[in-house]
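Here's a quick briefing on the model you have open. Have a look at the fold first, then work through the notes by topic.

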Amino acid sequence: MGAAEPTPTHDENGAITLTIGSRLELLSLVHVLIAEIAGQFDLDSETVDALTVAVIEAGTNAIQHGNVFASDKSVTFAFRVAPQEIAVRVDDHGHGFDPAKIEDPTDPSNLLDPHGRGLYLMRALMDEVKFETRGDHGTTVRLKKSRPVAAR
């Protein structure tokens with residue numbers, strides 16, 4: 001018998017949370033969760049596309065660079081949907097990092113270097129991206145995206 005598949009939970013503050021192991025193939029569960037949130041909260045396709053790319057990039061970085069694929073570490077995604085914005089928190093249990101040390105992938109001298117492209121995409125697609133190294137040395141990525149105001 002295999003391990004139970006991770007399932008989203010709701011906390012007392014209305015956040016929808018999903019914790020997965022440090023395996024890239026489990027990001028498909030995050031993709032499914034984003035699609036479910038999009039349907040539940042009637043998100044427009046542009047917002048859903050931006051959210052999907054940015055959150056999957058944050059998750060990929062958390063698994064690959066943060067947790068370094070460690071089987072004893074997990075990544076947690078917490079989504080909060082408000083009328084004005086969507087906020088996502090992604091937590092890993094790695095050693096933390098300084099995003100200021102990541103080179104600009106659009107600089108001509110870095111065009112062939114694959115590093116930094118995920119951070120670039122997150123910043124381009126989201127309205128706000130913040131990184132925090134926690135006391136346990138893990139990294140928290142906070143993503144925010146404004147929701148379009150519906151026409152009345």
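**Loops and odd backbone angles**

Aspartate 42 counts as exposed because its relative accessibility is 67%, over the 50% cut-off. Bear in mind that this is a predicted model. Aspartate 42 has a positive phi of about 50 degrees, although it is not a glycine.

- You'll find aspartate 42 in the loop between helix H1 (27-40) and helix H2 (45-66).
- Valine 68 is another non-glycine residue with a positive phi, near 50 degrees.
- Valine 68 sits just after H2, in the loop between H2 and strand S3 (74-81).
- Is valine 68 buried or exposed? With 55% relative accessibility, valine 68 counts as exposed, because the cut-off is over 50%.

**The chain as a whole**

- The protein chain has three helices and six strands.
- Going along the sequence, their order is β-β-α-α-β-β-α-β-β.
- Of the 152 residues in the protein chain, 39% are buried.
- Take the contacts between residues at least 6 apart in sequence: 59% of them join residues at least 24 apart.
- The protein chain's accessible surface is about 9100 Å², and carbon and sulfur atoms account for 53% of that.

**Helix H2**

- What span should H2 have, going by its 22 residues? At 1.5 Å a residue, H2 should span 32 Å, and its end C-alpha atoms are 30 Å apart, so the two values agree.
- At the start of H2, aspartate 44 puts a side-chain oxygen within 3.3 Å of the backbone nitrogen of glutamate 46.

**The nonpolar core**

- The largest nonpolar core holds 32 residues, and Ile20, Val30, Val55, Phe77, Phe79 and Leu143 are the ones with the most contacts inside it.
- Two or more residues of this core come from each of strand S2 (16-21), H1, H2, S3, strand S4 (85-91), helix H3 (117-125) and strand S6 (139-146).
- Which element gives the most to this core? That's H2, with eight residues.
- For a closer look at one core residue, try valine 30: setting aside its neighbours within four places in sequence, valine 30 is in contact with Leu18, Ile20, Val55, Ile56, Phe77 and Phe79.

**Strand S4 and its partners**

- Five of the seven residues of S4 are buried, so the strand is largely enclosed by the rest of the structure.
- S4 runs antiparallel to S3, and six bridges join the two.
- How many residues lie between S3 and S4 in their hairpin? There are three residues between these strands.
- If you want a landmark for the S3 pairing, phenylalanine 79 stands opposite valine 88 in S4.
- S4 also pairs with S6, again in the antiparallel sense, over seven bridges.
- Here the landmark is valine 90, which stands opposite valine 141 in S6.
- As a rule, side chains in a regular strand alternate between the two faces of the sheet.

Definitions and conventions. Residues numbered from 1 in each chain as written. Predicted model: local features only at pLDDT ≥ 70, side-chain atom pairs only at ≥ 80, totals over all residues. Heavy atoms only, no water. Helix = DSSP H or I, 4+ residues; strand = E, 2+ residues; numbered from the N terminus. Buried < 20%, exposed > 50% of the residue type's maximum accessible area, 1.4 Å probe, protein only. Expected span 1.5 Å × (residues − 1). Polar contact = N/O pair within 3.5 Å; in protein donor to acceptor, adjacent residues only side chain to side chain. Contact = heavy atoms within 4.5 Å. Areas by Shrake-Rupley, 256 points an atom, 1.4 Å probe, with all protein chains shown as cover. Core = buried A, V, L, I, M, F, W, Y, C linked by side-chain atoms within 4.5 Å. Pairing = 2+ DSSP bridges.
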